[in-house]
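Hello,

Here is the model I promised to pass on to you. Please open it next to this email, and my notes will follow.

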Amino acid sequence: VQLQASGGGLVQAGGSLRLSCAASGSIFSINSMGWYRQPPGKERELVAAITSDPTPYYPDSVKGRFTISRDVAKNTVYLQMNSLKPEDTAVYYCIINGSPDGRGPRNDYWGQGTLVTVSS
């Protein structure tokens, strides 16, 4: 199973982008879906997650600006990013935690990353 992230690009401060991440195959017993980002020269950080409830989680840095959503049937997770700031510039990675066959242990599946650049 591979995750394909898309939707990144260059946007001015205050603008919006919508990221998408779709799995090439089926992932079962999905526990959570999420998005991380890695700014230049910094460590990867969690920016949004959604559990199976579904309960979303956002760190304070993006709360009120980012919204995570999902389509479990399509194994797809989205990230709507509004009021973007230059400090949101980063490579964004999606992640899905689930089982490849619904019987075995869950794995973390990562997307390849999509670059978001916010100009001031």
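Below is what I found in it, grouped by topic.

First, some housekeeping. This is a predicted model, in which local features need pLDDT of at least 70 and side-chain atom pairs count only at pLDDT 80 or more, while totals for chains, interfaces and linings use all residues. Residues are numbered from 1 along each chain as its sequence is written, and side-chain values use heavy atoms, with hydrogens and water left out.

**Strands and pairing**

Strands here are DSSP runs (E, at least two residues), numbered from the N terminus. Two of them pair if DSSP finds at least two bridges between them. Strand β1 (residues 3–6) runs antiparallel to β3, with four bridges joining them; within that pairing, alanine 5 has cysteine 21 of β3 as its bridge partner. Strand β2 (residues 9–12) and β11 also share four bridges, but in the parallel sense, and there valine 11 is matched with valine 118. On β11 you will also find an antiparallel pairing with β9, over three bridges, where valine 91 is the partner of leucine 115.

In a regular strand the side chains alternate between the two faces of the sheet. Strand β1 shows this: Leu3 and Ala5 point to one face and are buried, whereas Gln4 and Ser6 point to the other and are not. Buried means under 20% relative accessible area, exposed over 50%, and partly exposed in between (1.4 Å probe, protein chains only). Strand β11 (residues 114–119) has Thr114, Val116 and Val118 on its covered face, with Leu115, Thr117 and Ser119 on the uncovered one.

**The disulfide**

There is one disulfide in the structure (a pair of cysteine sulfur atoms within 2.5 Å). It joins cysteine 21 to cysteine 94, with 2.0 Å from S to S. The two lie in distant parts of the chain, 73 residues apart, cysteine 21 in strand β3 (residues 17–23) and cysteine 94 in strand β9. The torsion about the S-S bond is about 60°, so the disulfide is right-handed. Cysteine 21 is buried at 0% relative accessible area, and cysteine 94 is buried at 0% too.

**The core**

The largest nonpolar core (buried Ala, Val, Leu, Ile, Met, Phe, Trp, Tyr and Cys residues joined through side-chain atoms within 4.5 Å) has 29 residues, of which Leu3, Trp35, Ile68, Leu79, Met81 and Tyr92 touch the most other members. At least two residues of this core come from each of β1, β3, β4, β5 (45–51), β7 (66–71), β8, β9 and β11.

**Rings and charges**

What does a search of the whole structure find in the way of aromatic pairs? It finds one: tyrosine 36 and tryptophan 110, tilted, at 5.2 Å centre to centre and 55° between the planes. Rings of Phe, Tyr and Trp (its six-membered ring) pair if their centres lie within 6.5 Å; planes under 30 degrees apart count as stacked, over 60 as edge-to-face and the rest as tilted. Tyrosine 36 is in strand β4 (residues 28–38) and tryptophan 110 in strand β10 (residues 107–110), so the pair ties together parts that are 74 residues apart in sequence. Tyrosine 36 is partly exposed at 24%, as is tryptophan 110 at 36%.

A charge sits over a ring if NZ of Lys or CZ of Arg is within 6 Å of the ring centre and within 35 degrees of the ring normal. Arginine 44 places its charged end over the ring of tyrosine 93, 3.8 Å from the centre, and arginine 18 does so over tyrosine 78, at 4.1 Å. Tyrosine 93 lies in strand β9 and is buried at 14% relative accessibility.

**Backbone points to check**

Most residues other than glycine have a negative phi, and most peptide bonds are trans. The bond from aspartate 53 to proline 54 is cis, with omega near 0°; proline 54 is in the loop between β5 and β6 (56–57). Serine 29, in strand β4, has a positive phi of about 50° and is partly exposed at 38%. Asparagine 75, in the loop between β7 and β8, also has a positive phi, near 50°, but is buried at 7%.

Best wishes
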